[in-house]
Amino acid sequence: MKRRLFYVIPILLIVLGAWLFLHNREDNKVSDNQEKKVVFVDPVNNSGTQSNVKAIYEQEPVQYLNAAYEVEVKRDILYAKKKNETEAEEALKLDLYQPTGDNNKLRPVFVFIHGGGYAGGGKEDAADFATAMAKRGYVVLSVDYRLKKDPFINFSRTLTDACEDIRDVIHWINDNAGTYGLDADHIVIGGDSAGGHLSINFVNLSLSSDPALVKSVFAIVDIYGGDLTRLPDSKLPPFLIIHGTIDKLVPYQLSVDLGNQLKEQGIYHNLLTMEGVGHDYKNAKYIDEIVETTSHFLWNVRNSRDLDRLPENSGLSVASGDIFEIKLPEAYRGTTGEQLNVSLPNGWELIGQENHTLQIQTPEGVKRGNLSVDVWQGQARETAQGFTVNVNVIDPLEVHYMTFYDQSRQAVRTHMDVVNRSKNKFSGLLQVDYETAQSTPGTFTTAVEALQPGEKVRVDLPELARGHRTLKASNDQGTLLQTALDTFNALLIPKLSKPLKIEGDLSEWNNSARFAVKDVRVNDWKGEQDLSATGQLSWDDHNLYLGVEVTDDKHVQPASGDAIWSGDSIQIGIGIANSDGTVPSEYHELGAARGDNGTLYKWRWIAPSGFPVGDAIDLKYAIKREDLKTTYELAIPWKELSRETTLVKEGLKLKFSILVNDNDGEGRKGWVEYNSGIGTSKDIDAFGDLYLVD
């Protein structure tokens, strides 16, 4: 392969080229005058014809790819009225997120459908994702639809009603396109969990019952929605499927199987796999990549439905310092000598092409993020077509921590598993900074020799590593390659010498582990007086004790039974870890609330096999409200958490999460939480750790 590198001086040629690319890619502009040109011979080309590829650097934001706009939200727009399962008329509403200052009369529409097992959730759940897509130029409609108290008693009716509601949303778009600047001919439908399931089945079923209704749907974004209720129609639009490998609610394999079904029908699709993630697309590790990959996928399929012009994947993950490849679609493999243009971030290097595959080198260093690589063909830019790929630059080393109880030392310690995700072996130093069990700073340093690509090494830290944990990795030349941050909560729970009296008074809680419930998930949160909380935990041979003091400027709880989550209340997730310390497959989610009339309520929403859901839980609890303070005091019998109560002893590990809901009279505003895995998703992998100590 031959390669020549030179700089082109005439600035006017670059400006002209940038203007033409802008014309084809709407708002895309190449702003730097630096160019590289690579000449190579395609080894597959037996005729020996030379092809040219040019690398262009520094682009300004591209509409529908990059966040370029402020967002305006219009809430609670009525789109239909329908009778629900109680025969009462239900007002169905949507929230409309639109870019401001985009100067477009018609904007593509993204209909997002929330999850919740067809029984819960609401349009506000998608606020962050909807805002992110609106910043890129889409008008996002986050919609409510009719839910069921027990959706699986008659799931056919559940799905039929929900599909009718989405049909009404499509009609609303057509009727209101002029009012809101909607491009009714370009619609995306997507959602998470039940919303993803509804999205894929609504389009698939409509293609046989009313194909004209969905002719404007150019893409589906399916976030762990599971399977289709019937075989995929061959006329389905392109699919982006997003799923976590350790999802315990909707198995990852369902998305793999769906992808295989789509492939058999010749339907273009991408699968974005969230490694080591459960039923939670909003998790910090992947949310940026999800938004960027979605944007790139939609840009590609909106600009071309020709499979020969679409990339194998619209998103890639690449370790910094690695060479990666982009396989050229069929339409870009010609031997006519037509120029191929590749837009790269600064510092990246286009090495060449082999077997119709572009080879690109990323720089070594600590810079991370999602960056675009754009490819287009030919000099006549006003007619040129192209595609774009999101490249997520990740750390070369991936670290996983797991706390464990060391019986020989009678102390909690930490496993640290380090995986080499790069294509190069690693030798160097690892330094971990963390908070110890004594709430003091801790540091641990170790050397790693010749860790091969894909290999894992386990390092045992001498103590509990919790709080803000920072891993710094330097190679054997002393160059800092990465700084990986995470935050993890772990508590050591002391044993009581005598039982607590459950009266709604925490003054006698002198021997307990204390924590702040400080992660805010409340719309328009106005500070600690609006909602804040602290908690305490302790145990004895019979009970796990939990005390929570909540500051809330207004207490509202009109609901009862399984709906207490919608008012002021607490929800608790608890699971007994497996004997090897790993996360169990089953756990409890239970809660408590004080009604507006003073009545106390308890409920268990999720339970392991053998335990009932509902209010049939032997829970000792008291809830008091005085001034702006609400005090929860609970004694949860061990027999309500495990059938094997002999496990209850020093060193027992539990998974734990808690949230405090807030309702000021206009529905649930949100919550504050300690750990996650309850409010935005049902994901025990997002829980923190508890250890019983004597």
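This passage walks through the overall build of the chain and then visits several of its residues in turn. The structure is a predicted model.

A good place to begin is the overall fold. The secondary structure of the chain comprises six helices and 37 strands. With a radius of gyration of 28 Å, close to the 26 Å that the globule rule gives for 694 residues, the chain is as compact as a globular protein of that length. The C-alpha trace spans about 85 × 65 × 45 Å along its principal axes. Of the 694 residues, 55% count as buried. Contacts were also examined by sequence separation: among those with a separation of 6 or more, 67% join residues that are 24 or more positions apart.

The surface and the charges round off this general view. About 29700 Å² of the chain is exposed, and carbon and sulfur atoms supply 47% of that area. The chain carries 72 positive and 99 negative side chains. The centres of these two sets lie 1 Å apart.

Aromatic rings offer a friendly route into the detail. In total, 18 aromatic pairs were counted. In one of them, F152 and F155, the ring centres are 5.3 Å apart and the planes meet at 15°; planes under 30 degrees apart count as stacked, so this pair is stacked. The two partners can be compared by their accessibility. F152 is exposed, at 56% relative accessibility, whereas F155 is partly exposed, with a relative accessible area of 23%.

Another pair, F515 and F656, has its ring centres 6.1 Å apart and its planes at 75°; because planes over 60 degrees apart count as edge-to-face, that is the label for this pair. F515 belongs to strand 26 (residues 513-517) and F656 to strand 35 (residues 653-663), so the pair ties together parts that are 141 residues apart in sequence. Both F515 and F656 are buried.

Aromatic residues also gather in a group. One aromatic cluster is formed by F110, F112, F129, Y224 and Y281. Two of its members, Y224 and F129, lead to further features. Y224 sits in the loop between strand 8 (217-223) and strand 9 (239-244). With a relative accessibility of 1%, Y224 counts as buried. The phi of Y224 is near 35°, a positive value in a residue other than glycine.

F129, in turn, leads to helix 2 (residues 127-135), where the buried residues are F129, A130, A132, M133 and A134. In an α-helix there are 3.6 residues a turn, so residues three or four places apart point the same way. The buried residues of helix 2 pack against four strands and a helix, namely strand 3 (70-83), strand 4 (89-100), strand 5 (107-113), strand 6 (139-143) and helix 6 (287-303). After helix 2 comes G137, whose phi is positive, near 120°.

Two histidines in loops come next. H356 is found between strand 14 (349-353) and strand 15 (357-361). The phi of H356 is near 60°, again a positive value in a residue other than glycine. The relative accessible area of H356 is 15%, under the 20% limit, so this residue is buried.

The second histidine, H555, lies in the loop between strand 29 (543-552) and strand 30 (569-576). H555 has a relative accessibility of 18% and therefore also counts as buried. Leaving aside neighbours within four places in sequence, H555 is in contact with D568, R594, D596, R625 and T630. P612 stands 57 residues from H555 along the chain, and the C-alpha atoms of the two are separated by 29 Å.

The last stop is a threonine in a strand. T445 lies in strand 21 (residues 441-451). At a relative accessible area of 44%, T445 is partly exposed. Beyond neighbours within four places in sequence, T445 is in contact with L429, L430 and Q431. For one of these partners, L429, the C-alpha atom is separated from that of T445 by 7.0 Å, with their positions 16 residues apart along the chain.

Key: Residues numbered from 1 in each chain as written. Predicted model: local features only at pLDDT ≥ 70, side-chain atom pairs only at ≥ 80, totals over all residues. Heavy atoms only, no water. Rg over C-alpha atoms; globule rule 2.2 N^0.38 Å. Buried < 20%, exposed > 50% of the residue type's maximum accessible area, 1.4 Å probe, protein only. Contact = heavy atoms within 4.5 Å. Areas by Shrake-Rupley, 256 points an atom, 1.4 Å probe, with all protein chains shown as cover. Lys, Arg positive; Asp, Glu negative; His and termini not counted. Charge placed at Lys NZ, Arg CZ, Asp CG, Glu CD. Phe/Tyr/Trp six-rings, centres within 6.5 Å; stacked < 30°, edge-to-face > 60°.
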